[in-house]
Amino acid sequence: MSIGYQIAYRVGFTPWDRKQPASLREIGALLDREQQDRTPPYGRALDVGCGTGTHSVDLARRGWEVTGVDAVVPALRRARAKATKAAVHVTFVHGDVTRLTEVVSPGHRLVLDLGCFHGLSDRQRVDYGRQLTAVTEPGAALLLFAFSPGRRRGPMPRGADRHDLRTAFPGWQVTDEHPADVAGEKGPAANAHPHWFRLARQ
C-alpha cells in the first residue's frame, strides 16, 4: 500500500485528509474517552500511518507525548509543517509499520490507526501486530479505523474485521466495536461500511 500512497501524495489525491465534521467529532469523542478521569500529561501516544499529521497534532494539543510514523516522505514534511504552525512538539519518523522497533522506542500507552492496518497483507498484519506489542506497555489502548472486508473496491484498502484483528494481535482484546459515522462522506469510502475498533493490550 505504501507505493499507492506515495503516488497519491505525488499527484495530490489524498481524500483521507479531508475529514468531515462528523468524523472529526467522532475521533474527538473516542480520545475524550481515553482521557476520562485523567489529567495531562497523559503519556506516550503513537500515530501509525500518520500521513500529514492532523491527528498527531491534535493528540499533542491534548497533552500526549506523540510520535507519528509514516512511510511517505512528502506526507511527513507536511506533518512537520503542521506541528510547527500549531506550536506543538511531535516527533515524526519515516518508517515501516512492520518494523516499528527500528524507529520507535517502547512504552506507548495509546495507539491511533486511522486506516493503516486495513490495507496490509496477511503477513504484514502479523508483523505489524508483533511490532506494535513491542512498542506499547501492558494496558495500552489501540483505536483502529477500518473498512469492512469482502467488498470489491478496486485499489482501495481491502478492509478488516474482528477476526483479522484477533489473528494479528493475539496479545490484545477487542473491547469495543461500532460503525463509523459517515455523515457527509461521498464516494466509495462512504459505502465501505467502516468501523471503529478499540483493543486493549493484555
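Begin by selecting strand 5 (residues 136–146) together with strand 7, which are joined by six bridges and run antiparallel. This is a predicted model, and the tour moves from this pair of strands outwards to the sheet, the helices and the cores. Within the pair, look for L143, whose bridge partner in strand 7 is R198.

**Strand 7 and its other neighbour**

Next add strand 6 (residues 172–179), which is joined to strand 7 by seven bridges in an antiparallel arrangement; here V174 stands opposite L199 of strand 7. Now colour strand 7 by burial: is this strand enclosed or open to the outside? Seven of the seven residues of strand 7 (residues 195–201) are buried, so the strand is largely enclosed by the rest of the structure. In a regular strand, side chains point alternately to the two faces of the sheet. In strand 7 both faces are covered, with H195, F197, L199 and R201 buried on one side and W196, R198 and A200 buried on the other.

**The whole sheet**

Widen the selection to the open sheet of seven strands, whose order is 3-2-1-4-5-7-6 and whose pairing is mixed. Strand 3 and strand 6 are the edge strands, each pairing on one side only. If you look along the sheet, neighbouring strands are turned by 15° against each other on average, with direction ignored. For the parallel part of the mixed pairing, select strand 4 and strand 5, which run parallel and are joined by six bridges, and find D113 opposite L144 of strand 5.

**Helices on the sheet**

Bring in helix 3, which packs on the sheet and touches strand 1, strand 2, strand 3 and strand 4, its direction making about 170° with that of strand 2. Within helix 3, pick S56, which is buried with a relative accessible area of 0%. Leaving out residues up to four places away in sequence, S56 touches D47, C50, V66, G68, V90 and F92. Then turn to helix 4, which lies across strand 2 and strand 3 and runs at about 170° to strand 3.

Between strand 1 (43–48) and helix 3 (54–62), stop in the loop at G51, which is buried with a relative accessible area of 5%. A distance drawn from C-alpha to C-alpha between G51 and V72 comes to 7.4 Å, although the two are 21 residues apart in sequence.

**The nonpolar cores**

Which residues touch the most other members of the largest nonpolar core? They are L59, L110 and W196, in a core of 28 residues. Helix 2 (21–35), helix 3, strand 2 (64–70), helix 4 (73–86), strand 3 (90–94), strand 4 (108–114) and strand 5 each supply at least two residues of this core, and helix 4 gives the most, with four residues. Centre the view on L110 and show its surroundings: apart from neighbours within four places in sequence, L110 is in contact with L31, E34, R44, A45, L46, L59, W64, A141 and L143. Another core, of 26 residues, lies apart from the largest one, and its members include V48, V93, Y128 and L199.

**Stepping back**

Finally, show the whole chain, which has six helices and seven strands in the pattern α-α-β-α-β-α-β-β-α-β-α-β-β along the sequence. Of its 202 residues, 49% count as buried, and the accessible surface comes to about 10100 Å², with 53% of it belonging to carbon and sulfur atoms. Among contacts with a separation of 6 or more, 71% are between residues 24 or more positions apart.

Terms used. Residues numbered from 1 in each chain as written. Predicted model: local features only at pLDDT ≥ 70, side-chain atom pairs only at ≥ 80, totals over all residues. Heavy atoms only, no water. Buried < 20%, exposed > 50% of the residue type's maximum accessible area, 1.4 Å probe, protein only. Contact = heavy atoms within 4.5 Å. Areas by Shrake-Rupley, 256 points an atom, 1.4 Å probe, with all protein chains shown as cover. Pairing = 2+ DSSP bridges. Core = buried A, V, L, I, M, F, W, Y, C linked by side-chain atoms within 4.5 Å. Axes fitted to C-alpha atoms, helices over the stretch in contact; angles between N-to-C directions.
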